[in-house]
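User: I would like to go through the covalent cross-linking and the nonpolar packing of this protein, one question at a time.

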Amino acid sequence: MSRLRGLAAAALAGSLLGSASCRDVRVIRVCADPNNLPFSNEAREGFENRIAALLAADRGARLEYTWWAQRRGFVRNTLQAGACDVVMGVPSGFEPTRTSRPYYRSTYVFAARRDRGARLASLDDPRLRELRIGVQMIGDDFANTPPAHALARRGLVRNVVGFPVYGDYSRPAPLSAIVDAVDRGDVDAAVVWGPAAGYFAKAAQHPLELTPVSPQGDSPALPFVFDISMGVRRGDAGLQAELDDFIGRRRADIDRILDDYGVPRIEGGR
């Protein structure tokens, strides 16, 4: 009888210790898009998922996600609503959040098939008037993508083919459509945000040439190069300092992840 009591007491103690252990494990809560490769998806296959996992391991924490499509209102409905503490990829200085130091800097690129000889580098290349050029568009001219504005400012409209900036969300990789069009030859070249271009170019049937767009901006209001940071709530200086420390110490590991996904980077800004 005393042995049974001892076993019961041990089981109870173990259960209590286990509960205490679970309570003590820190949780890092991230909000991300469940269908937004190469950045993130619900299967945690994106590079932001991998960097978040690296962050959690570095801090000895458990990683939890709240999934929300990255559309207008994403930050308001997630980070600002208290559903999470970190958004992995936001432009540095993004006003609705407090941003960490940048962990990479990337750019819009021209994507073109090498076998078509349509390698472009400058928005002022005269061949842009002759080629079919794909560009991502939001649809509202007052909030369109920088390349869409830049091409329109040069009078390049009739030979431009628009692709929704959010892609076809019913597909597993909504952002791939514009690079797929280059690969098939539906357009001669496209202007694409670098991380998406680099990732989908790796899977293309035809080798693609990716060239950073120049100039790096049409004006201060139309940059093509962006520093990318992690965002926290504006009052959370403590977590921002932790992220700054993590990015500084684990930069080589972060760069290896970005390399795995073909993310083109521009030097400076970190």
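User: Are Cys-31 and Cys-84 buried or exposed?

Analyst: This is a predicted model, and the two cysteines are judged here by relative accessible area, with under 20% counting as buried. Cys-31 has a relative accessible area of 1%, while the value for Cys-84 is 0%. Cys-31 is therefore buried, and Cys-84 likewise counts as buried.

User: How many disulfides does a search of the whole structure find, and which parts does the pair of Cys-31 and Cys-84 tie together?

Analyst: Searching the whole structure gives 1 disulfide, and Cys-31 and Cys-84 form a disulfide with their sulfur atoms 2.2 Å apart. Because Cys-31 belongs to strand β1 (residues 27-32) and Cys-84 to the loop between α3 (74-77) and β5 (86-91), the pair ties together parts that are 53 residues apart in sequence.

User: What is the handedness of the disulfide, given the torsion about the S-S bond?

Analyst: For Cys-31 and Cys-84 the torsion about the S-S bond is about -120 degrees. With that torsion, the disulfide is therefore left-handed.

User: Which residues touch the most other members of the largest nonpolar core, and which helix gives the largest share?

Analyst: The largest nonpolar core holds 65 residues, and those touching the most other members are Phe-47, Ile-51, Val-86, Tyr-103 and Met-230. Leaving aside neighbours within four places in sequence, Phe-47 has contacts that include Pro-38, Tyr-104, Ile-257 and Val-263. The largest share of the core, 6 residues, comes from helix α2.

Definitions and conventions. Residues are numbered from 1 along each chain as its sequence is written. This is a predicted model: local features need pLDDT of at least 70, side-chain atom pairs count only at pLDDT 80 or more; totals for chains, interfaces and linings use all residues. Side-chain values use heavy atoms; hydrogens and water are left out. A disulfide is a pair of cysteine sulfur atoms within 2.5 Å. Helices (H or I, at least four residues) and strands (E, at least two) are DSSP runs, numbered from the N terminus. Buried means under 20% relative accessible area, exposed over 50%, partly exposed in between (1.4 Å probe, protein chains only). A nonpolar core is a set of buried Ala, Val, Leu, Ile, Met, Phe, Trp, Tyr and Cys residues joined through side-chain atoms within 4.5 Å. Contact means heavy atoms within 4.5 Å.
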